[in-house]
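The exercises below are to be worked with the sequence and the 3D structure at hand. Each task is followed by a solution in steps.

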Amino acid sequence: MSARIRSNLLRKYTPWKLYFLRKASRGEEGNFRVNDTGNEGGATAHFDVMIIGAGQAAMPLVFELAKNDLTVALAERKHLGGSCANFGCTPTKAVLASAKVAHLARRAEEFGIRVPTVEVDFPAVLAGAKAIVRESREGLDDEFKQGENPTLLRGHARFVGRTDSGFHVQIEGGPLVTATQVVLDTGTRAMIPPVSGLKEVPFLTADSWLEHTTLPEHIILLGGGYIGLEMAQFYRRMGSHVTVIERCDSIAVNEDTDVCEALQPALEKEGIAFHLSTEATRVEKSAGSIRVFLRGEDGTEAVVEGTDLFVATGRCPNTDDLGLGSIGMQTDEHGLIGVNLHLRTKIEGLWAVGDIRGGPQFTSTSWDDHKIVLSAIVGDSSHTTKRLVPYAIFTDPQLGRVGITEAEARKSGKSVKVGRYDMCHNGRARTHRERNGFAKVIVDTETDQILGAAIIGEEAAELIHLYAALMNAKAPAVTMRDAVYVHPTYAEAIQSAVEAAV
């Protein structure tokens, strides 16, 4: 296989598709293949670099390091590919696509089309998402069979010490190995809040929802953040009654007020109920239902009763069972591992990538982390965490965001101009009956450079990259204003927001 073809395959199946299996040819159980090298302390093999956790940064990194003639091992205790491939980005966006089809079918008369009935086959929707996940995994299965380096070590990995020979890592049910350098990419898991009675009732999380094949009659979601909002709309469009409980006074609390004021009514119009500034104080199971006891900010109490419960109150890092103390490494109070701009920890030879290193917790940043570590180990160390990170919420309408918010810009004291253009005036939005939302851009009046932008509307997750490209190039906003855009397109709204600012 040529280097170019291999590189293209890796790019095709990354970041969230990167998933591999070592089969029986690499060991009786397909777990590991190591050589007895007589290392200190009974270790069965030594590697130049070992990566613990097969997340979005790990998979491209193991191949790139191996291509640079380093011996590389990857340890993974469960599913390869990280959260994004297994229960996050891939399956959630697949089922949201199904939900969009159901929603459009119900709106068919707006387009002059009659669809008498819309029936949702919920198990089939989930099966379709699982099939896409399998397809991604199987594509990488073949890629990992091409050579003996990198090596896969199946099982939970824990540090058991460090000596001159490197880090000593015990693979549960497998060998003791050493490595000169170790990269941690162990990701996160659902954070379960200390709500009374919660552990005594069944509930779903972002980690487990894909296995629940019965459509909830009424699902209650704890948390109105990005995960909670996407899943709320998915279940509603599938036919469930949906109630969202949020402690803060706004959904998507990190966004500007006008963003939330555009998004929440769109979701409410579909029948999603919101309880803001409300805390769940107790949960109990009663006669086939789940009751959630609520307390408002003003002290008022209420009870919401549903058939299912989804906990979406955040994520916590998988760093508590790695034996970090044996090598003198400590996490912060949130379980995160401190790193510098090159993702180095305070321990020489130890790196942390992905969601456990703090900062933006997105697949895109995790994927980019592999470039940072690669640059530091075999390159010129020019790639760092000083980067622009766009992101999106894949609700409908979508939110696309990049840079600072308007509130942050105002608070900073910078002299800024804010341009806004409502989607209801955009030709493409009107013809597609997708009038919700707006495009907003924040421009520095001194430099004419874009500091941040938000887009609420159809394909906002794609459109935000127009602003991000301009920001990465440090080009003045007038570059976009003076360009010629295809008509009718949503991109014209992006240009019009800039025109309103400059």
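How many cavities of 30 Å³ or more does a search of the whole structure find? The model is a predicted one.

**Exercise 1. Describe the cavity and its surroundings.**

Solution.

Step 1. The search of the whole structure returns one cavity of 30 Å³ or more. The volume of the largest cavity is about 30 Å³.

Step 2. Its lining consists of A190, A206, I227, V311, A312, T313, G314 and R315. By class, five of the lining residues are nonpolar, two are polar and one is charged.

Step 3. Take A312 from this lining. A312 sits in the loop between strand 14 and strand 15 (315-317). Its relative accessibility is 13%, so A312 counts as buried; the cut-off for buried is under 20%.

Step 4. Compare sequence and space. A312 and L221 are separated by 91 residues in sequence, while their C-alpha atoms are 6.7 Å apart.

**Exercise 2. Determine how strand 14 is covered and what it pairs with.**

Solution.

Step 1. Sort the residues of strand 14 (residues 308-311) by side. D308 and F310 lie on one side, L309 and V311 on the other, and all are buried. Both faces of the strand are therefore covered.

Step 2. Look for a partner. Strand 8 (residues 218-222) pairs with strand 14 in the parallel sense, over four bridges.

Step 3. Place the residues across the pair. F310 in strand 14 has L221 opposite.

**Exercise 3. Characterise the second largest pocket by volume, lining and residue class.**

Solution.

Step 1. The second largest pocket holds about 440 Å³ of space.

Step 2. A total of 18 residues line the second largest pocket, and H103, R107, K269, E270 and N436 are the ones nearest its centre. Two or more lining residues come from each of helix 4 (89-106), helix 6 (226-238) and helix 7 (257-269). Helix 7 contributes the most, with three residues.

Step 3. Sorted by class, the lining of the second largest pocket has 12 charged residues, three polar and three nonpolar.

**Exercise 4. Decide which cysteines are bonded, taking C84, C89, C316 and C424 in turn.**

Solution.

Step 1. Apply the distance criterion: a disulfide requires two cysteine sulfur atoms within 2.5 Å. The structure holds one disulfide. C84 and C89 form a disulfide with an S to S distance of 2.2 Å.

Step 2. Assign the hand. The torsion about the S-S bond of C84 and C89 is about -125 degrees, so this disulfide is left-handed.

Step 3. Check the accessibility of both partners. C84 is buried, at a relative accessible area of 2%, whereas C89 is partly exposed, at 26%.

Step 4. Test the other two cysteines. C316 takes part in no disulfide, and the nearest cysteine sulfur, that of C89, is 18 Å away. C316 has 17% relative accessibility and so counts as buried. For C424, the closest cysteine sulfur is that of C260, at 19 Å, which is too far for a bond. C424 is partly exposed, with a relative accessible area of 29%.

**Exercise 5. Find the backbone oxygens reached by the side chains of Q56 and R357.**

Solution.

Step 1. Locate Q56. This residue is in the loop between strand 1 (45-52) and helix 2 (58-67). Q56 is buried, with a relative accessible area of 5%.

Step 2. Find its contact. The Q56 side chain reaches the backbone oxygen of G81 at 2.6 Å.

Step 3. Locate R357. This residue belongs to the loop between strand 16 (350-352) and helix 8 (363-378). R357 is buried too, with a relative accessible area of 8%.

Step 4. Find its contacts. The R357 side chain reaches the backbone oxygen of G354 at 3.0 Å and that of P360 at 3.1 Å.

**Exercise 6. Assess the burial of helix 2 and the residue that follows the helix.**

Solution.

Step 1. Of the 10 residues in helix 2, nine are buried, and the helix is mostly covered.

Step 2. Name them. The buried residues of helix 2 are A58, M59, P60, L61, V62, F63, E64, L65 and A66.

Step 3. Go past the end of the helix. Helix 2 is followed by D69, which has a positive phi, near 65 degrees.

Note on methods:
Residues numbered from 1 in each chain as written. Predicted model: local features only at pLDDT ≥ 70, side-chain atom pairs only at ≥ 80, totals over all residues. Heavy atoms only, no water. 1 Å grid on protein atoms, 1.4 Å probe; cavity = no way out; pocket = protein on both sides within 12 Å on 5 of 7 lines; lining within 4 Å. Points joined across faces, edges and corners; volume = space filled by probe spheres on them. Nonpolar A, V, L, I, M, F, W, Y, C, P; charged D, E, K, R; others polar. Buried < 20%, exposed > 50% of the residue type's maximum accessible area, 1.4 Å probe, protein only. Pairing = 2+ DSSP bridges. Polar contact = N/O pair within 3.5 Å; in protein donor to acceptor, adjacent residues only side chain to side chain.
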